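Here is a friendly walk through one protein chain, stop by stop. Keep the structure open beside the text and look up each residue as it comes along.

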Amino acid sequence: MDLDAFSWLLTDDGQRLLARATEMTASAPTDGKGDGKDSALAVQTALRKDEAAERVAVAMTQVDLRRKAAAKFGDLAPRMYFTPDGLEQATRLAVAHHRAARLRAFDATSVIDLGCGIGGDLIASSRAGLTAAGVDNDPERVAVAQANLDALGLPGAVTVADATGVDHSPFDVAYADPARRGAKGRVFSAEGWTPPWSWVETLFARDACVKVAPGIPHDLVPDKVEAEWVSDRGEVKEAALWSGSLASTHRRATVIGERGLATLTSEDDPGAEVGAVAEFLYEPDGAVIRAGLVTAVAAGVQGHLIDEHIAYVASSASFETPFARGYQVLEELPYRDKQLKAALRERGIGKLTIKKRGVQVVPEQLRKRLALSGSEEATIVLTRVAGEGTCLLVRPF
């Protein structure tokens, strides 16, 4: 989709075609595969009887992208506009709302998004009551971002500009989300980001927030900059670096779930000992692991690590915690395939969930080798305890 095609989509004729394509796609029969390709082909064929093929393609692309965007933007997705790359790079709305809420909590009133993409973070900032402005060097992304603000009835200004040349001093906060994917795929070197890390570092002299990949090395984070890892419903989505007055700790793990939001910081981490398997096992959330705060979870459940290099926590006490999934340890089973297969068959287990950490096991391959056929369901944890391969039969709670 080019800029002219998108501009046409926003006209009355384009909106009518988009609405028609949306309605026809929703009511079209499918073949049950769940990918929507069969219904999309039928709708395109029908629409091309009255509309030019290229315009039908533009409308159908938006229908498809809106369907995919529901996972990130929920009930806003059907009113928004996307590009494939823009949707892939956009922040999930729940995470963007958390970021905007943090800005408000620090009494920020304005933010400039230096590389706004399709405007996901602009939307969250505007909804939070911040004066939001965005720049991007791609005219198509700028057009889409402005269209999204307009479609949702939100204030905000967007313009085409090179983020590295923008004067961001009039704004309370500068926010940036450097592109980490190029023409050849994902870029792993921070200096290869767009804009590069050398420019990102200049933002840390002021109140700023920079979204980075969750795998960012801890030693890349400058002194006096807070690194926050965020997960949404069990999936680690990003890390964010907070500088200036916005930084309130060294490392933070934020977990967003169905019950709300919880956060854990390096100040909550007194450290933990290593000990034996106990009655309860805890699997820390990915954000906690990335933040290096597993021992903080251990302290919170009055427990200990089962191996100094493995992110599992054992405790004799049962706790509900947003920072970890809890299991009751039923018994220890043999670790080797042959003996494990016999033990599981003896217990009538046919459906098996395999959790693993710190061991060279591929769950799908192990499941095939076990060839179970019983009527019971079970969960096992394959890991190391004091450096030794161990299999635990557990029950989630």
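## A cis proline in a loop

Pro 195 lies in the loop between β6 (185-186) and α9 (197-203). In this predicted model, the peptide bond that joins Thr 194 and Pro 195 is cis, with omega about -5 degrees.

## The chain as a whole

Now step back to see the full chain. The protein chain has 13 helices and 18 strands. Along the principal axes, its C-alpha atoms fill a box of roughly 65 × 55 × 35 Å. Of the 397 residues in the protein chain, 47% are buried.

Contacts tell something about how the chain comes together. Among contacts in the protein chain with a separation of 6 or more, 66% are between residues 24 or more positions apart. On the outside, the protein chain exposes about 19,100 Å², and carbon and sulfur atoms supply 49% of that area. The chain carries 46 positive and 55 negative charges, and the mean positions of these two groups are 6 Å apart.

## A sheet of seven strands

In what order do the seven strands of the open sheet stand? The order is β13-β14-β12-β15-β18-β17-β16, and the pairing is mixed. At the edges stand β13 (304-305) and β16 (349-356). Each of these two has a single partner strand, so one side of each is left without a neighbour in the sheet.

As background, strands of a sheet pair through backbone hydrogen bonds, either parallel or antiparallel. Strand β18 gives two examples of the antiparallel kind. Strand β17 (residues 376-385) pairs with strand β18 (residues 388-396) in the antiparallel sense over seven bridges. Within this pair, Val 381 has Leu 392 in β18 as its bridge partner, and Thr 379 stands opposite Val 394 in β18. Strand β15 (residues 324-333) also pairs with β18 in the antiparallel sense, over six bridges. Here Tyr 327 stands opposite Pro 396 in β18.

## Two hairpins and a backbone detail

Follow β17 to its end and you reach a turn. The hairpin of β17 and β18 has two residues between the strands. One residue to look for there is Ala 386, found in the loop between β17 and β18. Ala 386 has a positive phi of about 55 degrees although it is not a glycine. Is Ala 386 buried or exposed? Its relative accessibility is 66%, so Ala 386 counts as exposed, the cut-off for this being over 50%.

Another residue with a positive phi of about 55 degrees, and again not a glycine, is Arg 233. Arg 233 lies in the loop between β8 (226-232) and β9 (235-243).

A further hairpin joins β10 to β11 through two residues. Strand β10 (residues 251-257) and strand β11 (residues 260-265) pair in the antiparallel sense over six bridges. Look for Thr 254, which has Thr 263 in β11 as its bridge partner.

## Tyr 335 and its contacts

Tyr 335 is found in the loop between β15 and α12 (337-346). With a relative accessible area of 25%, Tyr 335 is partly exposed. Which residues does Tyr 335 touch, leaving aside those up to four places away in sequence? They are Val 359, Val 361, Leu 382, Thr 383, Gly 389, Thr 390 and Cys 391.

For a sense of distance, compare Tyr 335 with Asp 113. Tyr 335 and Asp 113 are 222 residues apart in sequence, and their C-alpha atoms are 51 Å apart in space.

## Cysteines without disulfides

One of the residues touched by Tyr 335 is Cys 391, and this leads to the cysteines. As a reminder, a disulfide is a covalent bond between the sulfur atoms of two cysteines. How many disulfides does the structure hold? The structure holds zero disulfides. Take Cys 116, which is in no disulfide: the nearest cysteine sulfur, that of Cys 209, is 15 Å away, while a disulfide calls for two sulfur atoms within 2.5 Å.

How does burial look for these residues? The cut-off for buried is under 20% relative accessible area. Cys 116 has 7% relative accessibility, so Cys 116 counts as buried. Cys 391, at 0% relative accessibility, counts as buried too.

Note on methods: Residues are numbered from 1 along each chain as its sequence is written. This is a predicted model: local features need pLDDT of at least 70, side-chain atom pairs count only at pLDDT 80 or more; totals for chains, interfaces and linings use all residues. Side-chain values use heavy atoms; hydrogens and water are left out. Buried means under 20% relative accessible area, exposed over 50%, partly exposed in between (1.4 Å probe, protein chains only). Helices (H or I, at least four residues) and strands (E, at least two) are DSSP runs, numbered from the N terminus. Contact means heavy atoms within 4.5 Å. Accessible areas come from the Shrake-Rupley method with a 1.4 Å probe; for residues, only the protein chains shown count as cover. Lys and Arg count as positive and Asp and Glu as negative; His and the chain ends are not counted. The place of a charge is taken as NZ of Lys, CZ of Arg, CG of Asp or CD of Glu. Two strands pair if DSSP finds at least two bridges between them.
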